[in-house]
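Trainee: I would like to go through this model and ask what each term rests on.
Mentor: Go ahead.

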Amino acid sequence: MKLIMAIVNNDDGPMITAQLNKKGVYTTKIASTGGFLSAGNMTFISGVEDEKVDEVIEIIKAYSRKRTQPVPNLDVPVGQIAGGAVAPAEVLVGGGTIFVLNVESFTRV
Ligand code: 2BA
């Protein structure tokens, strides 16, 4: 069994939820916040049998759009950060960020 943790854009969350439910995939949604943009996103946690992992990843891939978002609240002016590196004015976000972890034990009581 695997635990899939997937971080997706809030706007894509409802469609992904609907598709996972349709395929009989149990999931828990957590309201989360990206550490870089401080923007709300959605984290799905799903415990699935190994043979379902690819199907879940395909659903998340299919319904997670890439978009550019401005980088707010920089501590320094855009174009200048410590060490001479250049801070971006906007970044490409998503589709989804997916982690697949081995599950040692799974119990429902
Ligand atoms: P955020 O941390 O708000 O990051 C939003 C986007 O900003 C990222 O898109 C990436 O393009 C850029 N970014 C993030 N950290 C950066 C940095 N230190 N320097 C320059 N650019 C940076 P995605 O990679 O698609 O990530 C979307 C969201 O997925 C992230 O939101 C975060 O909540 C989560 N995420 C991504 N990679 C992760 C990881 N390795 N561990 C935990 N969460 C992750």
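Trainee: What makes the pair between Leu92 and the ligand a polar contact?
Mentor: A polar contact is a pair of N or O atoms within 3.5 Å. A backbone N or O atom of Leu92 lies 2.8 Å from an oxygen atom of the ligand, so the pair meets that definition. Phe36 has a backbone N or O atom 2.9 Å from a ligand oxygen, and a polar backbone atom of Gly94 is 2.7 Å from one. The protein covers 53% of the 750 Å² of accessible area that the ligand has on its own (Shrake-Rupley method, 1.4 Å probe).

Trainee: How far can these values be taken?
Mentor: The model is predicted: local features need pLDDT of at least 70 and side-chain atom pairs 80 or more, while totals for chains, interfaces and linings use all residues. Residues are numbered from 1 along each chain as its sequence is written, and side-chain values use heavy atoms, without hydrogens and water.

Trainee: Which strand gives the most to the shell around the ligand?
Mentor: Strand S5 (90-93), a DSSP run of E with at least two residues, gives the most, with 3 residues.

Trainee: Why are Val53, Val56, Ile57, Ile59 and Ile60 of helix H2 (residues 53-63) called buried?
Mentor: Buried means under 20% relative accessible area (1.4 Å probe, protein chains only), so each of these residues falls below that limit. Seen down the axis of H2, its buried residues fall within an arc of 155°, taken from the directions from the axis to the C-beta atoms, so they line one face. The face turned away carries Asp54, Lys61 and Ala62, which are exposed (over 50%).

Note on methods. Helix = DSSP H or I, 4+ residues; strand = E, 2+ residues; numbered from the N terminus. Polar contact = N/O pair within 3.5 Å; in protein donor to acceptor, adjacent residues only side chain to side chain.
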